[in-house]
Amino acid sequence: MPESRYLIKNGFVLDNKRAEFIKEDILIINEMIAEVGVNLKDEAAQVIDATNNLIMPGLVNTHIHLWQAGLRGIAGNWTLMDYFNYMLDSLGDQYTPEDMYMANLLGALEQIDAGVTCVLDWCNNLNTQEHAYWSLKGLEEAGIRGVFGYGPPGIDAAKWWFNSSELHPPKAKEFFENYFSSKDGLLRMALALRGPDSTQDDVLFKDIKLARDLDVLATMHIGIRSKWGVKKIYDAGLLSEHINFVHANNLAEEEYKLIVDHGASISVTPEVEMQMGMGFPATGKLIRAGGYPVIGTDIASNIEGNLFTQLRFAIQMQRGIDNQLILNNDKMVEKIELSYKNSLDWVTSLGAKALGLGNEVGKLIKGMKADLIIIDTSAINLWPVHNPYESILFYVGRHNIDTVMINGKLVKQNGKLLYANLPNLKEQIMESSARILHDAKILDLKEHYIFKHK
Ligand SMILES: [Zn+2]
């Protein structure tokens, strides 16, 4: 491979330690950040002019089901039970391995467009090993970094999701050995487990032990219907930093403490939690226990992939909860309980740490992999910038993300994705998703809503 060198000049770079943006340059050699500092020079490097723009680590989306990317806008009135009935019992069944490939590719490209450079893809439609293979290929083709969560099939929800006596598919092990035995490349594997709310206890423990044997992250939805799932895992001696919980809205107070004390993480996905009947997001309870949330966008069939929006939801929703408690006592709110300070870490360094990638990405410092985004501050929705932190937290949209770099490679530039085959992919995904929706026969879809674009 020929050497590649980029010098990003004159931008304001997020310093995670100070929670501030500092005027600095960044030199990138091949996949690494070689230097961050003032007035850097490198004759051989290609210069990227970032004058007055904001540079921060690429975002880490810790929870998304990319395989649903072709089914956007079908679940806006769904509850969680509707999701089980429609998505996991009817729609999932219609997917061929090629459909999984296209949806994962489209979904991952959409994430890159939104400034996400690293995802945990919670892939719970692995009806055959071919489905797993092609889902992974979709991520590879997009060029995104991340963790492929090898999950259960997306069919027969009653068998797999309700007091299930089925062990996690044993083919996960074979898949790991075939594709992940070395730690090269941009992708790692996790086990996307169903967890204590969905399986019998012996299954739960064996599933987590399988993840431990493979030395991979175990990620599981938890704490929507019931408490004490985390306690159960703790009592079995299996709670560790290699576990990522999702939602965790309604755990017992001591369970949040257990999670924090053992270095496990919680992915909060605020918008879908509010809609689907999962309860208020766990943000505040986790912070009170001494921790912090990491953020996800969750189901691509319902929620737009902009992680900044979900971060904003997480902060403002918690403020709403805190403020209401004061109002309930007939008092005026005199202080905002939750400061936004350091919250960009939730979607960068802390997200990376939750996925086991904290030593590789999430901070713009020498020696880390070059995953970063450049935000164009000249846009009308951002101008004028008085406080870059607030501009990003409360104003930024995906159209403001001018440049995205993953592993030292440009994947979005001048506001446009560099993936060449996008028009073809869009055509293919149109056909694939129309067929899936038609054949599942569960939704009253009007033919004229299927738009064709050149
Ligand atoms: Zn989920």
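1. Let's start with a small pairing in this predicted model: strand β1 (residues 5-15) runs parallel to β5, and two bridges join them. One pair to look up on screen is Val13 and its bridge partner in β5, Ile55.

2. Stay with β5 for a moment, since β15 pairs with β5 too, this time in the antiparallel sense and over four bridges. Here Leu54 has Ile375 of β15 as its bridge partner. As a reminder, strands of a sheet pair through backbone hydrogen bonds, and either sense is possible.

3. Now step back to the overall layout. The protein chain splits into domain 1 (5-57 + 364-417) and domain 2 (59-352), so to speak in two pieces of sequence for domain 1 and one for domain 2. Their centres, taken over C-alpha atoms, are 28 Å apart.

4. How much area is buried between domain 1 and domain 2? About 2,400 Å², with carbon and sulfur atoms giving 59% of it. On the domain 1 side, Leu393, Phe394 and Arg398 lose the most area to domain 2, and together they make up 29% of what that side buries. In terms of residues, 30 from domain 1 are in contact with 29 from domain 2.

5. There is a polar side to this interface as well. Five salt bridges are counted between domain 1 and domain 2, and 14 residue pairs are in polar contact across the interface. Arg398 turns up again here: Arg398 forms a salt bridge with Asp113, and the closest N and O atoms are 3.0 Å apart.

6. Which elements of domain 1 supply at least two residues each to the side that touches domain 2? They are β5 (54-57), β15 (372-375), α13 (388-395), β16 (401-406) and β17 (409-413). The largest share, six residues, comes from α13. By class, that side of domain 1 has 20 nonpolar, four polar and six charged residues. Note that β5 and β15, the antiparallel pair from point 2, are both on the list of contributors.

7. Finally, have a look at the nine-stranded sheet. The sheet is open, with parallel pairing, and the order is β13-β12-β11-β10-β9-β8-β7-β6-β14. The edge strands, each pairing on one side only, are β13 (294-295) and β14 (298-299). Further in, strand β10 (residues 217-222) and strand β11 (residues 243-247) run parallel and are joined by five bridges. Within that pairing, Thr219 stands opposite Asn244 in β11.

Note on methods:
Residues are numbered from 1 along each chain as its sequence is written. This is a predicted model: local features need pLDDT of at least 70, side-chain atom pairs count only at pLDDT 80 or more; totals for chains, interfaces and linings use all residues. Side-chain values use heavy atoms; hydrogens and water are left out. Domain bounds come from an automatic or database domain assignment. Contact means heavy atoms within 4.5 Å. Buried area is the accessible area (1.4 Å probe) that two parts lose on being put together, summed over both. A salt bridge is a side-chain nitrogen of Lys or Arg within 4 Å of a carboxyl oxygen of Asp or Glu. A polar contact is a pair of N or O atoms within 3.5 Å; within protein, one must be able to donate a hydrogen and the other to accept it, and residues adjacent in sequence count only if both atoms are side-chain atoms. Ala, Val, Leu, Ile, Met, Phe, Trp, Tyr, Cys and Pro count as nonpolar, Asp, Glu, Lys and Arg as charged, and the others, Gly among them, as polar. Two strands pair if DSSP finds at least two bridges between them.
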